[in-house]
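Subject: Model for your files

Hello,

Here is the structure you were waiting for. Please keep it open while you read the notes underneath.

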Amino acid sequence: MVQGNFNSAIIGLDAQFENQLSVQDNIDSVERALYLGKSLGKSLAKEQGSALTISVSKAVERMALANQVPCTDIKVIVLAQNGTNQAKPTIDIDNAVVVSSLAKAMLQIDELIAQNALVALVGVNLPKSFTDNDLAADPLATNSFDESFTGYQNCHGMAALLFASVSFAQSNNSYVYSWLKGFAVGDEVTNFTEVAEVTASALDNAQVSANEVGLLEVSALADSKLAMAESRGLIASYADEDKLTTAVSCARSVTGEGEGFSQVFGLLRSVIALQQRYIPAISDWQQPLASELQNWQDSSFYLATEARPWYPQPNGSAHLAAYSCLAANNNYCHLVLAENKIIVAGEKHPSQDIRHNGFIACSELKIILVPADSQPALLTRLIAIAAEADQAQQSLKEIALNCFNQAQSASSRYTIVLLAESKEELLKEIRSAQSGIETAFAQQKEWRTPKGSFFTPVPVNELATDNEAADTESINNNVSFLYPGIGATYVGLGRDLFHLFPEIHQDVADLADDIGASLKDKLLNPRTIVSPSFKELKQLDLNLRGNLADIAEAGVGFACVFTKVFENVFKVKADYATGYSMGEVSMYAALGAWQQPGLMSARLANSDTFNERLCGDLLTLREHWRLPEPTAEKSNELIWETYTIKATLDEVIKASEGEERVYCTIINTPDSLLLAGYPADCLRVIKKLGVRAMALNMANAIHSAPAKKEYQDMVELYTMEVNPRLKTKMYSSSCYLPVPQLSKAIAHSVAKCLCDRVDFPRLINTMHDKGARVFIEMGPGRSLCSWTDKILDFAVQGVVEGTSEGDTESTAQRKSRVAVPVNAKGTNDELTYLRALAKLISHGVTLDIKTLFKGSIIVHKK
């Protein structure tokens, strides 16, 4: 066994691969596949031969170019699993040293780095024709530790990393993707004891303990004996009293088996996860072999079936990852890597440390802008784009970029926005648009497709008039952010947003000392050994909704996340804002009214009001109703439930006469509201109304008479220092006016909001009367958008009934608007955001969307 005792920098990355399912021909498409945990697109290798040209020399050139160093200064080590020097003729670079395992490669890199050399490590599995036997019978995206594993598909590819000494990286001002802290290697490793010994040596060499490692990349070879030796050795090495602290990932679950390529690719995958701050997914993971299940459950490991954020350490230290590389020739190597954190005095999360990627830019889903000033011009542009799509040499990506550049060069009255994932789909969307646009103009109605393509012939900014916007500074200042209540929070909320939009990371991380805890990482992204079933996930959602303090904190945190996406990425600021119920707290935090919104974390965690008085044991309610305190025998007794019903406030007031324990807590629309209180009493009122009711399973007694007992405690809870005055007018349901940006004014506004009934229609109509036209829901779900549309439609209908025929059009114009959700449970965030952008762009909202077209994980030296 040999240790590597250097701390070196990884300053270059490159990769491409192909299997029977897909081809990824550049580092950014590879990174996208790794994040999603599955192969993307379609490979034609079996029918047409390989679509991938693997060139070691080109990979070295790309890494050299990014670092502005001559290729001749780089020593090249090629890892070809069956490689000897006889394999050199297949490697297109002179003087390359060919080795057969990562263990042997690392020993040579160790020697060369000690001489201050630059070293490129390139793992290859050269292209070949795929056959029917190459494809696993059931190629699940999992690994050989899984009881459902049946085999890996074969793949070929190239993975490359550029190593440098610390002194070279610093003197050359190179971007460092991660640091290699240390490693250990072993020959003829065939059992778990030997794996454990090498692992312990690597951790010792890196001077880290196993419980500090947050991510472990494994080999998980298809050979069952070697897979068992690796898994048992790692379980023994990473044993810890704390459970579910180290995530396990496996690149082979994405690519399949690629021999020498796979050995290096596992290391590259670990580097990318560290640099991009995420825990990778094993998409189709189910559970360990039954014989090993208990060992896994006793370990510190967990396995994610979806990628999720890797939030900053509360103490500010760098994340650590490790890579366990067991080769088929029994060579074993264990490496320990550290995140490269940029340090700036006085900044915990410096803006210079934004880590861009090409995740959206290399997506197959593209947004195509079609601007023009008239209906005939729009149709002409559609014909031209269809002609481009018919040309074989034009890719969808090129068409989308051309359309974007043309749209940037001039402003137009109208814009059709098309969404498509292929040229064939684009042509289908264009055909739909050609007929749909004519109807849209004729009927003055929106056109849209199931994919998300969108057009409006009446953009809200076009409809604005001086009379309509009399209370606004400018007819363009019409954006309102709507913050939903806490009940919409769900398991999995927002897990992709930090990777889709890395520009938000610093500002969100600065909100709290432990942003992972504030965003309830472990509740929203459960850590498990066995993949949760649908039923288990549903129960986790119910458990989440039952803890008011947790969902309140998560709701506030994610309101900040959603807001920063629009502010930092799309450069959209709110002119107006309001919150629905506890969404008002989210509004003040997300828009920056408070200096330190993160203070709420500890306050909510220790709040009697939100843990046992208005939630949990509901002690305030019991005192108000003179009910006994809960006992062990009656711990599950339900004394409060909230129901959504179709009824007006007047109808509820009449039906609940004499009912002391029934409250109308929130009016959602003029004919829909929430009824809450003692379940039996509520059901009696609902029966009297003769309407259907749906229980929301939310036992928190806010917006009711008993809540007023906690008013002063709420004022103290939400009293915090404020920032200088914001331009955004923040409306509250406590007064249906903008709240002054003063500490006590905000605290009393929140307390009164949480004690009183919320009249959401009044909020929306008030803001609309003041000029708000664009309503963007800054949180999970689309309820506020749906209600906003109903409220404003109801208002138009109500006014039109009393107007003359000639006034109808102007009245409808006064209620013009667009309501846009940005999150939908069950739909991925990328698609939801592009659909939202399509609506906003067509309605004339100015947005910065260059991130959709440009970006890469590769950082070029300036």
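The notes below cover two sheets, a charged patch and a few single residues.

This is a predicted model, in which local features need pLDDT of at least 70 and side-chain atom pairs count only at pLDDT 80 or more, while totals for chains, interfaces and linings use all residues. Residues are numbered from 1 along each chain as its sequence is written, and side-chain values use heavy atoms, with hydrogens and water left out.

Some terms first. Helices (H or I, at least four residues) and strands (E, at least two) are DSSP runs, numbered from the N terminus. Two strands pair if DSSP finds at least two bridges between them. Buried means under 20% relative accessible area, exposed means over 50%, and partly exposed lies in between (1.4 Å probe, protein chains only).

The five-stranded sheet

One open sheet has five strands in the order β25-β22-β24-β23-β28, with mixed pairing. Its edges are β25 (693-695) and β28 (758-759); each has a single partner strand, so one side of each is left without a neighbour in the sheet.

Strand β22 (residues 641-645) has four of its five residues buried, so it is largely enclosed by the rest of the structure. It pairs antiparallel with strand β24 (residues 672-677) over five bridges, where Y643 stands opposite L675. β22 also pairs antiparallel with β25, over three bridges; there the bridge partner of I645 is A693.

At the other edge, strand β23 (residues 662-669) and β28 pair in the parallel sense over two bridges. I667 stands opposite D759 of β28.

The six-stranded sheet

A second open sheet runs β27-β26-β21-β20-β29-β30, again with mixed pairing. β27 (737-738) and β30 (818-821) are at the edges with a single partner strand each, so one side of each has no neighbour in the sheet. β27 is joined to strand β26 (residues 729-732) by two bridges, and the two run antiparallel. The bridge partner of S732 in β27 is L737.

The negative patch

D608, E612, D617, E629, D713 and E716 form a negative surface patch. A patch is made of residues with over 30% relative accessible area and no salt bridge (a side-chain nitrogen of Lys or Arg within 4 Å of a carboxyl oxygen of Asp or Glu); like charges are joined within 9 Å, and nonpolar side chains (Val, Leu, Ile, Met, Phe, Trp, Tyr) within 5 Å. The place of a charge is taken as CG of Asp or CD of Glu. At least two residues of the patch come from each of α23 (608-613) and α27 (711-717). D608, in helix α23, counts as partly exposed because its relative accessibility is 46%.

Single residues

Two residues that are not glycines have a positive phi. E259 has a phi of about 55 degrees and lies in the loop between α8 (252-255) and α9; its relative accessible area of 30% makes it partly exposed. N330 has a phi of about 75 degrees and lies in the loop between β14 (320-326) and β15 (332-339). N330 is buried, at 17% relative accessible area.

L267 belongs to helix α9 (residues 260-276) and is buried, with a relative accessible area of 0%. Its C-alpha atom is separated by 52 Å from that of D373, 106 residues away along the chain.

Regards

Conventions. Accessible areas come from the Shrake-Rupley method with a 1.4 Å probe; for residues, only the protein chains shown count as cover. Lys and Arg count as positive and Asp and Glu as negative; His and the chain ends are not counted.
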